[in-house]
Amino acid sequence: MKTLNIDAAETALFEKHGVFFAFNRQQFDEGLKKVKADPNNPVMNLGAGTYCLEKNLERFLDEAGALYDSKIQWELENNSKEDIIKFEIWNHECFYDWDISPAIEAVKPYGFTADDVKIVFDKEKHKHTDI
């Protein structure tokens with residue numbers, strides 16, 4: 001599957017809006033310093049070790065959503081439905097435990113359904129098992 005690499009755009013977006021990741025006190029303190037946070041310019045905890053300057057949160061979420069939407073649109077235009085679903089089935093290792101629920105969640109933003117994933121999974125599973 002052809003994917004659109006948005007790493008550079010994500011990094012630029014993080015820097016623009018004062019987003020950083022911290023998983024211990026030292027990283028948190030370094031992040032606060034980097035984004036110039038203080039009591040008058042606080043950060044918000046977005047979960048999973050992600051922090052953003054409070055004043056930039058709404059714009060960051062809007063721009064991140066638009067970036068993600070453009071990635072999905074590009075991938076829809078440059079791949080078949082089956083290729084996108086196969087990619088997510090492999091990405092979520094569905095052939096190891098036969099649980100397709102993570103792939104189902106991953107393809108929802110593309111407009112695909114659980115039935116779509118099941119059809120592709122059933123079509124491909126014979127290639128990956130002795131059953």
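A residue counts as partly exposed when its relative accessible area lies between the buried class, under 20%, and the exposed class, over 50%. In this predicted model, W98 has a relative accessible area of 38% and is therefore partly exposed. W98 is located in the loop between helix 5 and helix 6. Its phi is positive, at about 65 degrees, although W98 is not a glycine. Most residues other than glycine have a negative phi. E93 also departs from this pattern, with a positive phi of about 55 degrees in a residue that is not a glycine. The loop that holds E93 runs between helix 4 and helix 5. With a relative accessibility of 47%, E93 is likewise assigned to the partly exposed class.

The largest nonpolar core comprises 15 residues, and I85, I89 and V117 have the most contacts inside it. Two or more residues of this core come from each of helix 4, helix 5 (94–97), helix 6 (101–107) and helix 7 (114–124). Apart from its neighbours within four places in sequence, I89 is in contact with C94, F95, A103, V117, V120 and F121. One of these contacts of I89, V117, is itself among the residues with the most contacts inside the core. C94, another contact partner of I89, has a relative accessible area of 0%, so it is classed as buried. A second core, separate from that one, has eight residues, including F20, L32, V43 and Y51.

C52 is also buried, because its relative accessibility of 0% falls under the 20% limit. No disulfides are found in a search of the whole structure.

Open space in the model was examined next. Rolling a probe the size of a water molecule over the atoms shows where empty space is left. The largest pocket has a volume of about 210 Å³. Its lining consists of 15 residues, and those nearest the centre of the pocket are I6, E10, L67, Y68 and K71. At least two lining residues are supplied by each of helix 1 (7–17), helix 3 (57–78) and helix 4 (81–91). Helix 3 gives the largest share of this lining, namely six residues. By class, the lining of the largest pocket contains 10 nonpolar residues, four charged residues and one polar residue. Helix 4 thus appears in two settings, since it supplies at least two residues to the lining of the largest pocket and two or more to the largest nonpolar core.

The second largest pocket has a volume of about 160 Å³. T11, F14, E15, G18, V19, F20, F21, K34 and V35 form its lining. Helix 1 and strand 1 (19–21) are the elements that give two or more residues to this lining. Five of the lining residues are nonpolar, two are polar and two are charged. F20 belongs to this lining and also to the second nonpolar core.

F21, a further lining residue of the second largest pocket, is placed in strand 1. F21 has a relative accessible area of 41% and is therefore partly exposed. When neighbours within four places in sequence are left aside, F21 is in contact with F14, Q27, G49 and T50. Of these partners, F14 is listed in the lining of the second largest pocket together with F21. The C-alpha atoms of F21 and A48 are separated by 8.3 Å, and the two residues are 27 residues apart along the chain.

Methods: Residues are numbered from 1 along each chain as its sequence is written. This is a predicted model: local features need pLDDT of at least 70, side-chain atom pairs count only at pLDDT 80 or more; totals for chains, interfaces and linings use all residues. Side-chain values use heavy atoms; hydrogens and water are left out. On a 1 Å grid over the protein atoms alone, a cavity is a set of points where a 1.4 Å probe fits but cannot get out, and a pocket is an open set with protein on both sides within 12 Å along at least five of seven lines; lining residues have an atom within 4 Å of a point. Grid points are joined across faces, edges and corners, and a volume is the space filled by probe spheres set on the points. Helices (H or I, at least four residues) and strands (E, at least two) are DSSP runs, numbered from the N terminus. Ala, Val, Leu, Ile, Met, Phe, Trp, Tyr, Cys and Pro count as nonpolar, Asp, Glu, Lys and Arg as charged, and the others, Gly among them, as polar. A nonpolar core is a set of buried Ala, Val, Leu, Ile, Met, Phe, Trp, Tyr and Cys residues joined through side-chain atoms within 4.5 Å. Buried means under 20% relative accessible area, exposed over 50%, partly exposed in between (1.4 Å probe, protein chains only). Contact means heavy atoms within 4.5 Å. A disulfide is a pair of cysteine sulfur atoms within 2.5 Å.
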